[in-house]
Amino acid sequence: MAILCATVLGACEPGPPPPEPIARQYAAAWQKSDYQAMWDLLTDDAKAQVTPAGFIDRLPRIAEEMTLRSLEAKPGAAAHPALPNGSPDPRKASVPLDVTFHTQRVGDVARAITLQLVMVGEKDKAVWRIAWTPEAILPHLVAGRLVRMTRLPTSRGRIIARDGTELATFIEAGVVGVVTGQIRSESGLLSSLSTVLGLKADDIKAKYTQSWVKPDLFVPIKVVPAAQLDAVRARLAVIEGVQVQATRVRSYPSGLASQTLGYLAEASEDDAACGLRSRRSHREEGHRSRGDPRR
């Protein structure tokens, strides 16, 4: 009878809660930028390691750097890691989270991340909490690393004539730039750099004093082909605040200019509107032509 009662009582005890509701709460709070609600779902160990400054204060700064307008976070089904005996661990779970960042600077950015959850407490007091790390924001993001959102220029292909002659290609080059936070003597930098690059000091200064420039940002000043860069690299290396970054630039070995072969650039609002009107005009003309057999 005692064994039977114990069995009945054990069957009546509620099972552990599922981890998915906590992941959904976290996703909903993130979509609302409710960082305090997100913080409340973390484990005590995660809170101790990250600290409020690394979470509640940092996440808004990352959103600002990303020029984040909004985001969508969609959690999936939980999975439990295997115990040594092969059975699923009831106190640990991982939940996939598909996040789409809607940014002003680079458009939509989609990332797949994973929330690691652990069960805290026992029996009817057991709850799931998130063992949070910075990788729950972006993959490979760790403590101490910064988030920088940058638009990369479109890469174009080579243009080759029928006989194999290269009409347009790329050559190696270097971007000479300035990091304002590393400048020791502005007058010395302007004097030396203007001589090396053949630019006016005022033109150089105008580039690194723009409103968007920050002390730790690289500000491009001039692109120098690799053949010319080798001759001045040593002189650039001794100017404090100057850096050189490798790049590739468009080259036209045949002498045909880009105006002849065509070029790419980001369309302005007026260009986009003009292109839309042009496409509509072509479609309407096509309809009229097909509707009148004499045309």
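## Strand β6 and the nonpolar cores

Strands β5 and β6 form a hairpin with 5 residues between them, and in its turn G164 has a positive phi of about 95 degrees; strands here, like helices, are DSSP runs (E, at least two residues, for strands; H or I, at least four, for helices) numbered from the N terminus. The model is predicted, so that local features need pLDDT of at least 70 and side-chain atom pairs count only at pLDDT 80 or more, whereas totals for chains, interfaces and linings use all residues. Residues are numbered from 1 along each chain as its sequence is written, and side-chain values use heavy atoms, with hydrogens and water left out.

Strand β6 (residues 166-179) has 11 of its 14 residues buried, buried meaning under 20% relative accessible area with a 1.4 Å probe and protein chains only. Its antiparallel pairings, where a pair requires at least two DSSP bridges, are as follows.

| Partner of β6 | Bridges | Residues opposite each other |
|---|---|---|
| β5 (residues 159-160) | 2 bridges | I159 and A168 |
| β8 (residues 242-251) | 10 bridges | R248 and E172 |
| β7 (residues 218-225) | 7 bridges | P225 and A173 |

The largest nonpolar core has 40 residues, and Y26, W30, L97 and W132 have the most contacts inside it; such a core is a set of buried Ala, Val, Leu, Ile, Met, Phe, Trp, Tyr and Cys residues joined through side-chain atoms within 4.5 Å. Its largest share, 6 residues, comes from α2. Apart from this core lies another, of 19 residues, among them L189, V213, L229 and I239. Leaving aside neighbours within four places in sequence, W132 is in contact (heavy atoms within 4.5 Å) with Y26, L42, A46, V50, F55, L59 and I137.

Note on methods:
Buried means under 20% relative accessible area, exposed over 50%, partly exposed in between (1.4 Å probe, protein chains only).
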